[in-house]
Each structure stands twice: as C-alpha cells, then as structure tokens.
Amino acid sequence: MSFTKQVQYAIQMLIHIENSTGHLLTVKEIADKRDLPHNFLQKIAQNLTRNNIIESKRGRNGGVKLKKPSDEITVKEIIRAVDGPSGHDCIIGEYSCTPENLCHVCSHYNSHFAELYFNTTLKNLMTKEHCCK
C-alpha cells in the first residue's frame with residue numbers, strides 16, 4: 001500500500017506544523033523548508049482547511065496551524081481530506097466485489113489496513129517512526 005503524493009505531502013506538512021510548537025507558518029515557508037512544490041502544497045492546505053484539519057489565518061502575520069491536537073488527527077482523515085472518498089478496485093479482480101459487498105480477500109485486507117492506518121494518528125506517526133523532523 002502506498003499513498004498518493006498529495007497524502008505524502010499533507011503528512012509532511014502536518015508534521016512540520018506540529019513541530020513548529022504552535023506558531024503560525026506560511027505554506028511557502030513549509031514548502032521551502034521541505035523542498036515541496038509551493039502551488040501543489042497550497043492546494044493541499046486548502047483541502048486540509050476545508051476538512052477542519054488545519055486552520056488558516058490571512059494577512060501579514062498569517063499562516064496555518066493544526067486545528068486540533070495531533071493525537072486527534074487520523075491518517076484516514078488526512079487521506080479523505082486530500083484524496084476524497086475513494087472508489088474500490090478488487091485486489092484479485094473479482095467483478096462482483098463492490099464496496100458494499102467485498103470479496104473475502106478485500107474484506108480481510110481492508111480490515112487489516114483499517115486497523116493499521118485508519119486508527120493511526122499524526123502523533124503516532126511522529127513518535128513511532130521518528131520521521132520528518
């Protein structure tokens with residue numbers, strides 16, 4: 001399982017914001033520090049703002065910050081905020097496998113995936129992986 005670039009950049013952005021200890025950062029500052037494309041990151045920030053993961057303040061002293069504590073932001077929320085609700089492609093190509101009626105392989109995979117990622121918080125990622133400091 002791999003995440004889209006949007007999700008990867010969103011997670012990097014959110015970790016950077018969390019490590020800033022609460023003061024506002026501009027998206028440009030984050031993009032420059034992380035070597036990420038500014039315009040792309042700006043669109044991601046808009047989606048994160050729309051989905052109440054970050055809050056944005058405009059103006060001279062503006063910027064972004066987390067809207068809630070990092071231990072309340074799940075990977076599932078981040079994925080849905082930047083990628084939207086996902087469709088379903090059966091892992092084994094079973095034609096009758098749908099989101100409402102999963103085949104046994106997809107059902108097993110989805111339950112394990114949900115357990116590992118959807119219940120993982122931003123704070124968990126930061127403390128377990130020691131990444132993106």
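Tutor: A residue counts as buried when its relative accessible area is under 20%, as exposed when it is over 50%, and as partly exposed in between, computed with a 1.4 Å probe on protein chains only. By that rule, 34% of the 133 residues of the protein chain count as buried. The model is predicted, so local features need pLDDT of at least 70 and side-chain atom pairs count only at pLDDT 80 or more, while totals for chains, interfaces and linings use all residues. Residues are numbered from 1 along each chain as its sequence is written, and side-chain values use heavy atoms, leaving out hydrogens and water.

Student: Why does Met126 count as buried?

Tutor: The relative accessibility of Met126 is 14%, and the limit for buried is under 20%. Met126 therefore counts as buried. Met126 sits in helix α6 (residues 122–129). Its C-alpha is 9.3 Å from that of Glu18, although 108 residues separate the two in sequence.

Student: What makes a stretch a helix or a strand?

Tutor: Both are DSSP runs, numbered from the N terminus: a helix is H or I over at least four residues, a strand E over at least two. The protein chain has 6 helices and 2 strands, in the order α-α-α-β-β-α-α-α from the N terminus.

Student: Why is α1 called roughly perpendicular to α2?

Tutor: The axes of α1 (residues 5–19) and α2 (residues 27–34) come within 10 Å and cross at roughly 105°. Axes are lines fitted to C-alpha atoms, for helices over the stretch in contact, with angles from 0 to 180 degrees between N-to-C directions. Under 35 degrees is roughly parallel, over 145 roughly antiparallel, 65 to 115 roughly perpendicular, and the rest oblique. The crossing angle therefore makes α1 roughly perpendicular to α2.

Student: Which residues make the contact between α1 and α2?

Tutor: Contact means heavy atoms within 4.5 Å. On α1 the residues are Gln12, Met13, Ile15, His16 and Ile17, and on α2 they are Val27, Ile30, Lys33 and Arg34. By class there are 5 nonpolar, 2 polar and 2 charged residues. Ala, Val, Leu, Ile, Met, Phe, Trp, Tyr, Cys and Pro count as nonpolar, Asp, Glu, Lys and Arg as charged, and the others, Gly among them, as polar.

Student: What is noted about phi of Asp35, and is Asp35 buried or exposed?

Tutor: Phi of Asp35 is near 60°, a positive value in a residue other than glycine. Most residues other than glycine have a negative phi. Asp35 lies in the loop between α2 and α3, and at 69% relative accessibility Asp35 counts as exposed. Asn52, in the loop between α3 and β1, also has a positive phi near 60°. With a relative accessible area of 42%, Asn52 is partly exposed.

Student: Why does Glu72 count as partly exposed?

Tutor: The relative accessibility of Glu72 is 45%. Partly exposed covers what is neither under 20% nor over 50%, so Glu72 counts as partly exposed. Glu72 is in the loop between β2 and α4 (75–83). The C-alpha atoms of Glu72 and Lys123 are 8.1 Å apart, with their positions 51 residues apart in sequence.
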